[in-house]
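Biologist: Could you walk me through this model with a few questions and answers?

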Amino acid sequence: MKTVRFLITGVGGQGTILASDIIAEVGLRLGYDAKKSDILGLAVRGGSVVSHVIWGENVRAPMIDKGTADCYLSFEWLEGLRHLGYTHKNTLVFANDWRIDPVSVSSGAAVYPSVDSIRAAMREHCACLHEIPATSLAVSMGNSRVFNSVIIGGLARFAGGDPEVWRSVVTDRVPAKVREVNAQAFDKGFRYAFPA
Amino acid sequence: MKELLSGNEALARGALEAGIEISCGYPGTPSSEILENVSKYKEIYSEWSVNEKVAMDAAAGAAYSGRRALVTTKQVGMNVMSDSLFYTAYTGAEAALVVITADDPGLFSSQNEQDNRHYAKLGKFPMLEPANSQECKDFMLEAVAMSEMFDTPVVIRTTMRTSHSKSVVELGEPAVYGRGVSPFPRNVEKYNCMCTWARQRHYILEDRLRALAAWSNTWSGNRIEWGTRAYGFIAGGILYEYVKQVFPEASLLKLGMCYPLPEKLIREFAEGVEKVIVVEELDPFIEEQVRAMGIHARGKDIFSLCGELLPEDIAASCRKAGILKGEAPAVKDYAAGLPLRSPLLCAGCPHRSTFYTLSLLGLPVAGDIGCYNLGTLPPFNAQHTMGAMGASVGVLHGMGLSGLREHAVCTIGDGTFFHSGVAPLLNMVHNKGKGTVIIMDNRTTAMTGHQDNPGIEATLSLGRVTPVDIPTLCRACGVEKVVSVNAFNLAEVRRGLEECVAYGGVSVLITRGDCVFVSRNPQPACAVDHSKCIACGKCIQSGCPSVVLSDEINPKNGKRKARIDSVTCVGCGICAQICPAHAISEPEA
């Protein structure tokens, strides 16, 4: 059984932890052993968040080494760049086309790197960058919060395993009243035609 | 049934399966979720006690009465708890007494990086270290059995990684202990630690430790996994998993109990391998004990004394020491130089007005533990010390004694004030101190996840209760100058603070306003009228994540005008009160 290592980066409040819970649960349902670990900084809203998920035969540490991620999910450009050291040449990168300015930037104390330079760094470091306007797609569906289901849908197409398993974990893990919209978001991501 | 559980969720599940009946604790990262999850089981009484020592005493009283009891704490809470934990090592109890300390190597949320394993040796009780969530659950059951078998408190030590990471757990059946309460034991020679009796109990304690050590050689939590013999690794807790990952072929002695150690098993292991290497985070706690057995073991000459010891750190240190062959993978660091995403007081935080005012007045400020320590950071830079829970009030007293020319103040939250701020306030009054204690009452224990405290009208298990009134409490402590203000009224906060500063002796200013997570009552967002905004930047100094710079420039000073993010703004109106040009509209009441 092959080991699959995921790294999910984003901003507190974006739902990265729920996404990593879902990915870990999918692994379990696909018959893998699975572990996960989240790093929350000072655990305050709006900080940088990193989650590690590992599927495997017999997973030991709940976090991955730098340079070893098989799948890298970037929920926000700056955070995607910050932790890019976890990837390698063959990492599948899924990047949400979304920018959230930290206060250091919005107050004028620091400069947000251009999104094009972040794209270039991701392309330079990893052969395979899948960019998806997940937040915009979610907004067009009337619920910006379901963007992580869009990304998970996109991931499901490439990461392997029965897509129905992925889809059912997503719908099981979200509150009943937003189940339908999350299922639609998942489908939207799954069918999204990634630019080459 | 199998489930993915965090270590903390698994410990709570273990409490249910072990028949724990009464659980007490004080919130603190990374331990808080244990009791939160225990409280979901209606079979178990749970409470947030006022502090860790009180939680320990309450658990002791319950265990003396025949109830299986559990106490939870974060690593530094153990310092507060230890005073009471230590006497229970002398007394034992009528039913199981289990303590969980969730430590924080790597300092994700603590003020110092202490290794709580030392407490086991100092206080003379067994300590268990689970390696994953399954063991978190299993060791709860083991701890209860061990506690009753040896008549001793048993401590389970986790780290942030074991507590917060998730792994697969096979669930068992809930247990009902059901022995029920018995007549309270009038056994003073056991339960009253008067020196004459404690002297005798010390002999019993040492005998018990010897018996435990002998027994631990055959306990299933300690085991040898033979592999290649060139190096034999000794590891406990989650380090066991890390070593298995980095050295999958090597011989490994897994220690589920770090004190007392299974000497016979360790000797057998050491004789079976060429070199013994102890892999442990922080202090050489196991290494020193192994070396004291006369076994040549290496450890801290290879691994750091500071921070977490992740698999990649273990690999790097072992490469350096020639224990692991091969090149380290090249890793590029992209994080250097990027804009930081620092934590901030939330939009709508009631603490903002106080720190804005303090930053204008420039007073020396002793700080305390909670969200409000963010007042130390830019843009406020308004707070100058922080050490331990409740320390601000005592530090303020010392500043007052020192004859400073400035009037000093301290800040302390409602939860922290109840935890350990009342006694130092009494001390200030009794010893005729000088200074202003600002109690920032946001009506919750916010930073650890919004737990209750005596100022709140609800508890974990009981539902509604009568809250303690902080101004009345302060007056009862003998404080003559007590001023209460609305934290969302900037002018009122300023007036209150000036009134307290002008008063000579001990004064208390209570700034009251609900944490945004408590009231969850967002008002319409504020908005900036760009025709009035003069781009002075004062609202940016409020440090609110919703107040940002716009792209519009004031041609007079060339600076960018302000803008308010309507998605995140909750309409608290502090920025509108700060604005000298009246350019920010406050939502209508």
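The conversation below goes from confidence to sheets, the interface and the domains.

Biologist: Happy to start with trust: what ipTM and pTM does the predictor give the complex?

Modeller: This is a predicted model, in which local features need pLDDT of at least 70 and side-chain atom pairs count only at pLDDT 80 or more, while totals for chains, interfaces and linings use all residues. Residues are numbered from 1 along each chain as its sequence is written, with chains lettered from A and ligands numbered from 1 in the order in which they are written. Chain B has a mean pLDDT (the predictor's confidence in each residue, from 0 to 100) of 96, and 99% of its residues reach 70 or more. For the complex, the predictor gives an ipTM of 0.95 and a pTM of 0.96.

Biologist: Which strands are the edge strands of the sheet of 8 strands?

Modeller: Helices (H or I, at least four residues) and strands (E, at least two) are DSSP runs, numbered from the N terminus, and two strands pair if DSSP finds at least two bridges between them. The sheet is open, with mixed pairing and the order 6(A)-5(A)-4(A)-1(A)-3(A)-2(A)-8(B)-1(B). An edge strand pairs on one side only, and here the two are strand 6 (128-132) of chain A and strand 1 (2-6) of chain B.

Biologist: Which residue of strand 8 of chain B stands opposite Lys36(A)?

Modeller: Strand 2 (residues 33-39) of chain A pairs with strand 8 of chain B. The pairing is antiparallel and has 2 bridges. Opposite Lys36(A) stands Lys166(B).

Biologist: And within chain A, what stands opposite Phe6(A) in strand 4?

Modeller: Strand 1 (residues 4-11) and strand 4 (residues 71-74) of chain A run parallel, joined by 4 bridges. The residue of strand 4 that stands opposite Phe6(A) is Cys71(A).

Biologist: What angle does helix 6 of chain A make with strand 5 of chain A?

Modeller: Axes are lines fitted to C-alpha atoms, for helices over the stretch in contact, and angles run from 0 to 180 degrees between N-to-C directions. Contact here means that the C-beta atoms of two residues, placed from the backbone, lie within 7 Å. Helix 6 (residues 147-159) packs on the sheet, touching strand 1, strand 4, strand 5 (92-96) and strand 6 of chain A. With the direction of strand 5, its own makes about 160 degrees.

Biologist: Which helix gives the most to the side of chain B that touches chain A?

Modeller: In total, 35 residues of chain B are in contact with 41 residues of chain A. Elements giving two or more residues to that side of chain B include helix 7 (160-164), helix 13 (311-320) and strand 23. The most, 4 residues, comes from helix 10 of chain B.

Biologist: In the sheet of 5 strands, which residue is the bridge partner of Val483(B)?

Modeller: This open sheet of chain B has the order 15-16-17-21-20 and parallel pairing. Strand 20 and strand 21 (residues 506-512) share 6 bridges. In strand 21, the partner of Val483(B) is Leu509(B).

Biologist: Which residue takes a positive phi in the hairpin of strand 23 and strand 24 of chain B?

Modeller: Strand 23 (residues 547-554) and strand 24 (residues 559-564) run antiparallel, joined by 5 bridges. Ile553(B) has Arg560(B) as its bridge partner. The hairpin has 4 residues between the strands, and the positive phi, near 70 degrees, belongs to Gly558(B).

Biologist: Finally, how far apart are the C-alpha centres of domain 2 and domain 4 of chain B?

Modeller: Domain bounds come from an automatic or database domain assignment. Domain 2 covers 223-320 and domain 4 covers 527-585. Their C-alpha centres lie apart by 57 Å.
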